[in-house]
Amino acid sequence: PLLGLLPAYQYGSYAEACAAIRVVGERIAAGGLPPSVSPLTIAIHGTGNVGRGALHALRHLGDDVLSVVKTPAALAHVAGESASHRVFAVVLSATDVVMPLEPGAPFERAEYYAHPERYRPVLHELLSSISLLIHCAGWDMRYPRLLTAAQLATSAAAAREAGLPHAKLQMIADVSCDLPGALESLVRTTTSRAPFYIYDPVAAAERVCPAGGSGATEMRGEGVAVLAHDTLPSELPKDASEQFGDALFPFVLSLADLSTSSRTFVDQLDTSAVGGPFGLPREVWAAVITCDGELTRKFEYIRKIRDTRSRVDAQVAPPGSGKRSRSVLRLSGHIFDSGLINTALDLIEDAGGCVEILEVCAGNGAHGTSSAVMTVELPSPSLMAGENDTASSWTPIERLVSRLRELARARPAASASITILPPTFPGGSAGGAAATG
């Protein structure tokens, strides 16, 4: 029955695609699924908009076909049943895929987001009950990798030892598509014309198709099929355009008001609610990166990053830098909204240091946290302006981190943490050892 579904881009709208899913549900109810894929069990990882969207689409199979269970344990129970006329699904949250390193410690969501290094992944423990994994949760390198090649290989080996023809997990739809990936099976992105590849967990790489092989040949053999299409709005362009247009339309008149552009950027914010002039809605105003040829205050850190990169490319150190030490730092929290990233870069610059940004991960939505990983070079000893150093034994990086943490505490809205990473962080190998703390 599943072969009746076309690629998404071949449907004229989301409604049309959902109607096709409904037909598939009717066929499953009438004739069932092949024994090789029964029972079909689906795990959706992510409770946000993307995860809810995936579940919304699946529900079009019909209530007589789709059963949404509440827990991974319930999914494991039905995975052992013979149910060819049913499809089972579960929604996984962070509590289902990671657990504290400390034995017996409870999962604390706030702690996990602030200190992901205190948690380990357990998603692999659920693989024996999942046919299709739909990964819909955002991820960046601060967090533990949720599923490794070794764990996939172990799951496949366990299935063979049990006398099964293949592992239960047959496909991964990595909707989030965050390279290098919460799931190690994400090695590249795919396209509408070629949406899948086969991942070989033993080789920890995409399985290479024999020369001249067809698309059908590529999908045969050992491994897990991976969907990794990172331009999903293009799959349903009409719906995407209409939704984006509907979201933007309320702001069109304010964007077209030429009288607003004659003011300074600060005065372009709409303050009519408190008796001020009309102007740009806060949603638009806060998103403006440049105005009158200058970076806006919120985005001034971009200039500092560019200056530093130019200096690094030219291999020119700041004047009077002398002997230098290098370390890798991670700033996490609301570092952009609070302006902490700007202050941190100012502090490093004032100390005669320079920065190379290795990684920036922007948070999702108003409540999402962001992070920046950077290599910091500082003179030895530190030239920190105005510093009253009572700990003369501290290294330059320890002094800097201490000052940054003071600034973070002074801005509670930032909810920020500053961590010294090992010098072996990708791209951050240093000539000297990083300080600990």
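Biologist: Which residue forms a salt bridge with E377?
Modeller: This is a predicted model, in which local features need pLDDT of at least 70 and side-chain atom pairs count only at pLDDT 80 or more, while totals for chains, interfaces and linings use all residues. A salt bridge here is a side-chain nitrogen of Lys or Arg within 4 Å of a carboxyl oxygen of Asp or Glu. For E377 the closest N and O atoms of such a pair are 2.4 Å apart, and the partner of E377 is R326.

Biologist: How many residues apart are E377 and R326, and in which strands do they lie?
Modeller: Residues are numbered from 1 along each chain as its sequence is written, and side-chain values use heavy atoms, with hydrogens and water left out. Helices (H or I, at least four residues) and strands (E, at least two) are DSSP runs, numbered from the N terminus. E377 belongs to strand β15 and R326 to strand β13 (residues 324-333), and the pair links distant parts of the chain. The separation along the chain is 51 residues, and the strands are β15 and β13.

Biologist: Is E377 buried or exposed?
Modeller: Buried means under 20% relative accessible area, exposed over 50%, and partly exposed in between (1.4 Å probe, protein chains only). The partner R326 has 31% relative accessibility and therefore counts as partly exposed. E377, by contrast, has 18% relative accessibility, so this residue counts as buried.

Biologist: Which residue of strand β15 has a C-alpha atom separated by 6.6 Å from that of P396?
Modeller: Strand β15 covers residues 370-379, and P396 is one of the buried residues of helix α14. The residue in question counts as buried because its relative accessibility is 0%. Its C-alpha atom is separated by 6.6 Å from that of P396, although the two residues are 18 residues apart along the chain, and the name asked for is L378.

Biologist: Which residues of helix α14 are buried?
Modeller: Helix α14 runs over residues 396-409, which makes 14 residues, and reaches 20 Å from its first C-alpha to its last. Its buried residues are P396, I397, R399, L400, V401, L404, L407 and A408.

Biologist: How many salt bridges does the count give, and which residue pairs with R188 in one of them?
Modeller: The count comes to five salt bridges. In the one formed by R188, the closest N and O atoms are 2.7 Å apart. R188 lies in the loop between β7 (171-174) and β8 (196-200), whereas its partner lies in strand β9 (residues 205-206), so the pair ties together parts that are 18 residues apart in sequence. R188 is partly exposed at 32%, as is its partner at 30%, and that partner is E206.

Biologist: In which helix do E242 and K238 both lie?
Modeller: E242 and K238 form a salt bridge whose closest N and O atoms are 2.9 Å apart. E242 is partly exposed, with a relative accessible area of 41%, and K238 is also partly exposed, with 49%. The two residues are four residues apart, about one turn of the helix, and the helix that holds them both (residues 237-248) is α8.

Biologist: Why is the pair of Y112 and Y119 given the class that it has, and what is that class?
Modeller: Rings of Phe, Tyr and Trp (its six-membered ring) pair if their centres lie within 6.5 Å, and planes under 30 degrees apart count as stacked, over 60 as edge-to-face and the rest as tilted. By this rule the count comes to seven aromatic pairs. Y112 and Y119 are both buried. Their ring centres are 5.2 Å apart and their planes stand at 70°, so the class is edge-to-face.

Biologist: Which residue forms an aromatic pair with Y113, with 85° between the planes?
Modeller: The pair is edge-to-face, at 6.4 Å centre to centre. Y113 lies in helix α5 (residues 109-114) and its partner in the loop between β6 (132-135) and α6 (149-161), 30 residues apart. Y113 counts as partly exposed because its relative accessibility is 40%, whereas the partner, at 11%, counts as buried. That partner is Y143.

Biologist: Which residues do ring pairs link into a cluster?
Modeller: Two of the pairs have already appeared, namely Y112 with Y119 and Y113 with Y143. These four tyrosines belong to a cluster that also includes a phenylalanine, and its members are F107, Y112, Y113, Y119 and Y143.

Definitions and conventions: Expected span 1.5 Å × (residues − 1).
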